[in-house]
Amino acid sequence: MKKKNDKQTKHPPGARDRILHTAHNLFYREGIRATGIDRIIATAGVTKVTFYRHFPSKNDLIIAFLEYRHQLWIEWFSTELQRYSEHLGALIPALRSWFENDDFRGCAFINSTGELGTVLPRVMEMTRRHKNDMTELIQRLLPTSPSTDRDARAIALAVDGAIIHAQFEPSPEEALQSLDRILKLLGPERNNQSQEPSEAKSIGR
């Protein structure tokens, strides 16, 4: 996932940002339980004293990681939906651009809930918030009707299913095709669908 304003950064990130960015990359790529504090410290190039000054415990770092990931992902998702026309059909090319990235490892919140949901309840709280925000963005793609809220939640559930499916299949196309079928069944007639642009922003790098 690209950090915001990478190209405009004039100064190297401070110690806290280096720790957080390192944890983000390792937690997402390799899992939270599999990533130890010592590895994050070594990779970020900080001392233990510096690490614990900013993050007194691993749990504090996990919460910061999820907050950071939420901001990055929601901003990316909103931007991609606007890029692809702000109609329901925008979901397919937007998700394809993520699924096809070499760094795609599924939803960080679903993964984190699976790892820590029963031992760190705040992870589940943050996951619910993340999914609610995702659902709100999907709802904006739908015309207003008595069933808009229910339809948005159903589509969000289908999106989560596609994300999970894309993790273990050799190609994400089956997941995308199945999701597209669900959108056609649940969504309104999708006119004005845009063509995919030649350059798409990636969150996987």
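## Close-up views of a predicted all-helix model

**Figure 1. A salt bridge within helix α8 joins arginine 153 to aspartate 149.** Arginine 153 and aspartate 149 form a salt bridge in which the closest N and O atoms are 3.6 Å apart, a salt bridge being a side-chain nitrogen of Lys or Arg within 4 Å of a carboxyl oxygen of Asp or Glu. The model is predicted, so that local features need pLDDT of at least 70 and side-chain atom pairs count only at pLDDT 80 or more, while totals for chains, interfaces and linings use all residues. Residues are numbered from 1 along each chain as its sequence is written, and side-chain values use heavy atoms, with hydrogens and water left out. Both partners belong to helix α8 (residues 148-168), where they are 4 residues apart, about one turn of the helix; helices (H or I, at least four residues) and strands (E, at least two) are DSSP runs, numbered from the N terminus. Arginine 153 has a relative accessibility of 45% and counts as partly exposed, as does aspartate 149 with 38%; here buried means under 20% relative accessible area, exposed over 50%, and partly exposed in between (1.4 Å probe, protein chains only).

**Figure 2. The whole chain, as context for the close-ups, holds 9 helices and 0 strands.** Along the sequence the pattern reads α-α-α-α-α-α-α-α-α. Of the 205 residues of the protein, 46% count as buried, and a search of the whole structure finds 10 salt bridges.

**Figure 3. Arg29, Glu30 and Arg39 are linked in a network of salt bridges.** Side chains of opposite charge can pair when their charged atoms come close. Within this network, the side chains of arginine 39 and glutamate 30 meet at 2.4 Å, N to O. Arginine 39 is partly exposed at 37% relative accessibility, and glutamate 30 is also partly exposed, with a relative accessible area of 33%.

**Figure 4. Tryptophan 76 and tryptophan 98 form one of the 11 aromatic pairs in the structure.** The ring centres of tryptophan 76 and tryptophan 98 are 5.8 Å apart and the ring planes stand at 55°, so the pair is tilted; rings of Phe, Tyr and Trp (its six-membered ring) pair if their centres lie within 6.5 Å, with planes under 30 degrees apart counted as stacked, over 60 as edge-to-face and the rest as tilted. Because tryptophan 76 lies in helix α4 (residues 58-83) and tryptophan 98 in helix α5 (residues 91-99), the pair ties together parts that are 22 residues apart in sequence. Tryptophan 76 is buried at 1% relative accessibility, and tryptophan 98 is buried at 2%. Ring pairs link these two residues with Trp73, Phe77, Phe99 and Phe104 into a cluster.

**Figure 5. Helix α4 is shown with serine 85, which follows it and has a positive phi.** The 26 residues of α4 should span 38 Å at 1.5 Å a residue, and the end C-alpha atoms of the helix are 37 Å apart, which agrees; the expected span is 1.5 Å times one less than the number of residues. The phi of serine 85 is near 110°.

**Figure 6. The charged end of arginine 69 sits over the ring of tyrosine 28.** The distance from this charged end to the ring centre is 4.1 Å, where a charge sits over a ring if NZ of Lys or CZ of Arg is within 6 Å of the ring centre and within 35 degrees of the ring normal.

**Figure 7. Glutamate 100 lies in the loop between α5 and α6 (108-116) and forms a salt bridge with arginine 96.** The closest N and O atoms of arginine 96 and glutamate 100 are 3.9 Å apart. Which of the two partners is buried and which partly exposed? Arginine 96 counts as buried at 18% relative accessibility, whereas glutamate 100 counts as partly exposed at 47%. Glutamate 100 and alanine 166 are 66 residues apart in sequence, yet their C-alpha atoms are 9.1 Å apart in space.

**Figure 8. Helix α9 (residues 173-186) includes leucine 186 and glutamate 174.** Ile182, Leu185 and Leu186 make a nonpolar surface patch of about 260 Å². Patches are made of residues with over 30% relative accessible area and no salt bridge, like charges being joined within 9 Å and nonpolar side chains (Val, Leu, Ile, Met, Phe, Trp, Tyr) within 5 Å; accessible areas come from the Shrake-Rupley method with a 1.4 Å probe, and for residues only the protein chains shown count as cover. Leucine 186 is partly exposed, with a relative accessible area of 32%. Glutamate 174 is partly exposed at 45% relative accessibility, and its C-alpha atom is 8.8 Å from that of alanine 162, with their positions 12 residues apart in sequence numbering.
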